[in-house]
Every structure is written in C-alpha cells, then in structure tokens.
Amino acid sequence: MSRLSSPAAFPALDAGITGLIAAGELAGASLLVIRDGQVVHRAVHGLKDIASRQPPAQDTIYRIYSMTKPVTAVAMMILWDRGLWSPEDPISRHLPEFARVIGPDGKAPSSPPNMGQLMTHTAGLSYGFDANDTTDAAYIAEGVWQAEGLADMVARLTKAPLAYEPGTRWRYAISMDVQGAVIERLTGRSLPDFMHEEIFARLRMIDTDFYVPAEQLGRLATLYRHSRSRGLVEAEAMLFGRDPGRIPKIASGGGGLFSTVDDYARFAQMLLGQGELEGVRIISAEAASLMCANHLSDEIMAGGYGVGHQQIRPGFGHGFNGAVFTDPARAGSNVGRGTYQWDGAAGTWFWVDPENDLICVGMIQRMDDRSPPCQRLAQAWVADDLRR
C-alpha cells in the first residue's frame, strides 16, 4: 500500500460522503483518518444545522450513543488489569442482585450469566425497548429505564427473566449499562467520574462527557431523522428523551456519551497502540488484545444475530463491547484482519485496523432505521483510496 500524507488523499471517501449529503441522506459529517500515527485526512462537509445553515467544525460535538460501549470496555479493562474481575466470574460475584435471575422458563439458568458473557451480549439480557417482546415487556413493567441510577437499574432488571440461556445466543442488550454498575460497585466512584479521571483526562479527551455544558451547547450538531415526505427533520427527543445539557440520572455505559471526532480519534489511537497513546498507558497490551479479540463461537457467529448495520456472521464476531473482523474477506469486507469497530444510533462510526495501522472516525447525526450504512460504505471508499 502507498503511504498517504496529503489532506486530499481520500477522494473516494470525500466524494462518497458529499454524495450522501447532496442526496439529502445526511446533513453533514466530520471525518478523520490516521495512519502510521499521522493524520492523513481531515474533513468536514455539509451542515451542522440545516435551519441556520451552520457548517460543522472540527470541534463540533456529536451524540455518539453506542460508541460509548468501547469506552466502557476500556473502563472495565482498567479494572481487569487491577485483578478486580475475570471473564469467568459470575456476574453475581460483583452484583449480588444477579443471583436471583431466572430464565425464560421461570427456572434458574443451568449456569449463571458470567462477566465474559456480559462483555459480549451473550448473558441473556435484553434492552427493554420492545413492548411486544416478553423480556422487554418485563423490563418496561419494572421501569428499568426510569431508574434513579445504575444500582437501581440493576435492582429492577434482575426482577425480569432472562431472554435465553446464557452463552447460547447473541442479543443486543443493556449489558454495557450493567457494566457501568459493576464499575461503580468495584470502585466506589460514579461511572462519569471514573471515566473522566482514568480515561478522558489522561487521553486529553476534553469534549467527551455524559452531557454538554451550557457554554458548549452551541457546538452540538442537530440530530435528524428522515421523513419520506419532508426529508431530514429534527429528531431531538428520539432516544431516552434526553436533554443534552442536563446531567443524566443514569450515566449510560451503553449509549450516553457526547464527543468530537478528535476526542474519539485519540481513544481509537490508544486502542491501536495496544492501550497506550503518546507515552500514557491506559490499559495493558494484554488487556487491549483481550478486548479486541473475538469471543464468539463459530455457532453463534453463524446464527444470524446482529443489530442495525452490525450483523454478526462468519468472519465477523464480537470482542468486548465491539465487533471484530476475524476473516474480512469471508465477512465481505476489505479492512484488515483484527479490525475492531462499532457505531452509534445516530450514525457515528469508527474502526481500528491494526493490520493497516489505520483508524477512521466519522461523525454524522441521522437517527432512523433507514439511515445509510456509512461505516461499511466508508470502509469501501477508504480501501479504494488506499489502493491508489
């Protein structure tokens, strides 16, 4: 592959994103590609806010939703490095409320859900948003998402049955929010405080938090959804009904963070550096390898599971709180083997490709079930640009 250094070295990526903007699929985007430790592409396109015609800036703040999950994984790996938990531990060792969980048949599961399963969406939990699903309906009845904090959330959700026998399926779930409760229980600190002190401050992620301070709200990109009749329309209250300027009752380790493209790129660089960035070590190399390795069986990878654009399949498994390409060609991708990635409900994405010594972070704000698969498209465009 040729070395890339020009800020204009990714014409396919830029053309692809600007094409989506011109087609009315996106309002705007912030992009950052780093290769061999150097920024090789940085771009902003379109609008941060359509009504005011404000363009995005490099420091525009985005709702990153589920891109919070890999950050929570790193918080967990900090505690793994300290010997405070292991994947084989029953969850109940750290959250005793889990000792009472029952299976969908009303009986105790044949084996209790463990921490490794909690890190990989295989613990038997659900998310609690689908009233037509038996497990989710139980979460709704218990008011899981109306809890007063993470400890209260765990107390409520463990009254609901598991969705399946732990370790037998993959189901997108509240697991990373439960991890937040584990972190609080093991450290005696709030999840926001722990993340700020142990990750954000040390990596100089100055604009990443669970809310946006009042003086920075003007930098927040507007959230959109796509209407068949009106195109992109504002969608500020679609998930959790959250006011971004207020500190939330529940600091969601599964989807609560706001960030910028530069901040998240520093986080991704740390993962690419096996837990270290610019001489600051956040987690051990062993912890980074464990986090970014596939932990799903071949049977589960072939089971047709997935969520949104992240569809588990042969060659595409799941590490701790993020997806992993074990065989990119088999999975229909041209990223490097071992690439770790995830995305967010509002369309943000990132991937860390150790084989090509590359990271890519993309930030948009469109949140609906017809949103284009920007991460997959961007991976194809970046691959085209790398082949030039």
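Axes are lines fitted to C-alpha atoms, for helices over the stretch in contact, and angles run from 0 to 180 degrees between N-to-C directions. The model shown in all views is predicted.

**Figure 1. Overall view of the predicted protein, with eleven helices and 15 strands.** The C-alpha trace spans about 60 × 40 × 40 Å along the principal axes of the protein. For 388 residues, a compact globule would have a radius of gyration near 21 Å, and the 20 Å of the protein agrees with this. Of the 388 residues, 57% are buried. Among contacts with a separation of 6 or more, 66% are accounted for by residues 24 or more positions apart.

**Figure 2. Close-up of helix 2 against helix 8 (residues 261-272).** The two helices pack at an angle of about 50 degrees, and their axes are 11 Å apart. Angles under 35 degrees count as roughly parallel and those of 65 to 115 as roughly perpendicular; helix 2 and helix 8 are therefore oblique to each other. Helix 2 passes helix 8 in a left-handed crossing. On the side of helix 2, the contact is made by P70, V71 and V74, and on the side of helix 8 by Y264, F267, M270 and L271. By class, the residues of this contact divide into seven nonpolar, no polar and no charged.

**Figure 3. Close-up of helix 2 (residues 68-81) against helix 6 (residues 175-187).** The axes of this pair are 10 Å apart, and the helices pack at an angle of about 30 degrees. Because angles under 35 degrees count as roughly parallel, helix 2 and helix 6 are described as roughly parallel to each other. The crossing of helix 2 and helix 6 is left-handed. Helix 2 contributes K69, T72, A73, A75, M76 and L79 to the contact, while helix 6 contributes M176, Q179, V182, I183, L186 and T187. The contact of helix 2 with helix 6 has eight nonpolar residues, three polar residues and one charged residue.

**Figure 4. Close-up of helix 5 (residues 150-157) crossing helix 6.** The axes of helix 5 and helix 6 come within 9 Å and cross at roughly 125 degrees. An angle over 145 degrees would count as roughly antiparallel, and one of 65 to 115 as roughly perpendicular; helix 5 and helix 6 are therefore oblique to each other. Their crossing is left-handed. From helix 5, the residues in contact are L150, A151, M153, V154 and L157, and from helix 6 they are D177, V178, G180, A181, E184 and R185. The contact of helix 5 with helix 6 comprises seven nonpolar, one polar and three charged residues.

**Figure 5. Close-up of H94 in the loop between helix 2 and helix 3 (115-118).** The relative accessible area of H94 is 8%. Buried means under 20% relative accessible area, and H94 is therefore buried. Not counting residues up to four places away in sequence, H94 touches L84, W85, D89, M115, V182, R185 and L186. Among these residues, V182 and L186 also belong to the contact of helix 6 with helix 2, whereas R185 belongs to the contact of helix 6 with helix 5.

**Figure 6. Close-up of I140 in helix 4 (residues 134-142).** I140 has a relative accessible area of 41% and is partly exposed. Leaving aside neighbours within four places in sequence, I140 is in contact with G128, F129, D130 and A131. G317 and I140 are 177 residues apart in sequence, and their C-alpha atoms are 30 Å apart in space.

**Figure 7. Close-up views of R204 and E278, two residues with positive phi.** Most residues other than glycine have a negative phi. R204 is a residue other than glycine, and its phi is near 60 degrees, a positive value. The position of R204 is in the loop between helix 7 (191-203) and strand 4 (224-227). E278 is likewise not a glycine and has a positive phi of about 50 degrees. This residue, E278, lies in the loop between strand 7 (276-277) and strand 8 (280-281). With a relative accessible area of 55%, E278 is exposed.

Definitions and conventions: Residues are numbered from 1 along each chain as its sequence is written. This is a predicted model: local features need pLDDT of at least 70, side-chain atom pairs count only at pLDDT 80 or more; totals for chains, interfaces and linings use all residues. Side-chain values use heavy atoms; hydrogens and water are left out. Helices (H or I, at least four residues) and strands (E, at least two) are DSSP runs, numbered from the N terminus. A crossing is left-handed if the near helix is turned anticlockwise from the far one by less than a right angle, and right-handed if clockwise. Contact means heavy atoms within 4.5 Å. Ala, Val, Leu, Ile, Met, Phe, Trp, Tyr, Cys and Pro count as nonpolar, Asp, Glu, Lys and Arg as charged, and the others, Gly among them, as polar. The radius of gyration is taken over C-alpha atoms; the globule rule is 2.2 Å times the number of residues to the power 0.38. Buried means under 20% relative accessible area, exposed over 50%, partly exposed in between (1.4 Å probe, protein chains only).
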